[in-house]
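User: Hello! I am new to this structure and would like a friendly walk through it. Could you show it to me?

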Amino acid sequence: MGMFSEFKEFAMKGNVVDLAVGVIIGAAFGKIVSSLIENVITPLILKPALDAAHLSTIEELTAFGGVKYGLFLSAVINFLIVAFVLFLIIKGINHAKKKEVPPPAAPAGPTQEELLIQIRDLLKNKQ
């Protein structure tokens, strides 16, 4: 067994693929949570403090940390793209696994002709 085939067997095991998917999805979801906190929640918490500082224009508010919905939506879209690509990869791996499984062998036994010959011989012996 060559090194490549051993690696392929190792990589195609369910546990390795599941672990890889979990790490990738976890990292992508972590970016969503970070973006939600940094770009949406924290500015909303700081808004009363910014209002107390009498910031009047949008530029002043944004310079001091206004709510950045666009960055949060970008993180969500990135997560969805990563999840979809992983779905396609897993679908391809599952399709490849189905092709590798050989069809079950036909049960060994007499053919139809052999059975008919046996029945004919039994009927001859009874007469």
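Analyst: Here is a short round of questions and answers about the chain. The model is predicted, so local features need pLDDT of at least 70 and side-chain atom pairs pLDDT 80 or more, while totals for chains, interfaces and linings use all residues. Residues are numbered from 1 along each chain as its sequence is written, and side-chain values use heavy atoms, with hydrogens and water left out.

User: Which pattern does the chain follow along the sequence?

Analyst: Helices (H or I, at least four residues) and strands (E, at least two) are DSSP runs, numbered from the N terminus. By that rule the chain has five helices and zero strands. Read along the sequence, the pattern is α-α-α-α-α.

User: Which residues does UniProt list as "transmembrane region"?

Analyst: The UniProt entry is unreviewed, and its annotations, given in the numbering used here with shortened feature names, may be inferred rather than shown by experiment. In the model, residues 16–37 are 100% helix and 0% strand, with end C-alpha atoms 32 Å apart. Residues 69–90 are also 100% helix and 0% strand, and their end C-alpha atoms are 32 Å apart. The residues listed under that name are 16–37 and 69–90.

User: Why is the pair of F29 and F79 edge-to-face?

Analyst: Rings of Phe, Tyr and Trp (its six-membered ring) pair if their centres lie within 6.5 Å; planes under 30 degrees apart are stacked, over 60 edge-to-face, and the rest tilted. The count comes to two aromatic pairs. In the pair of F29 and F79, the ring centres are 6.0 Å apart and the planes stand at 65°, so the pair is edge-to-face.

User: Where in the chain do F29 and F79 sit?

Analyst: The pair links distant parts of the chain, with the two positions 50 residues apart. F29 belongs to helix α2, and F79 to helix α4 (residues 69–100).

User: Is F79 buried or exposed?

Analyst: Buried means under 20% relative accessible area, exposed over 50%, and partly exposed in between (1.4 Å probe, protein chains only). Its partner F29 is partly exposed at 46%. F79 has 18% relative accessibility, so F79 counts as buried.

User: What about I45: buried or exposed?

Analyst: I45 has its place in helix α2 (residues 14–52). The C-alpha atoms of I45 and V67, 22 residues apart along the chain, are separated by 10.0 Å. With a relative accessibility of 59%, I45 counts as exposed.

User: What percentage of the 127 residues is buried?

Analyst: This value covers the whole chain, which has 127 residues. Buried residues make up 12%.
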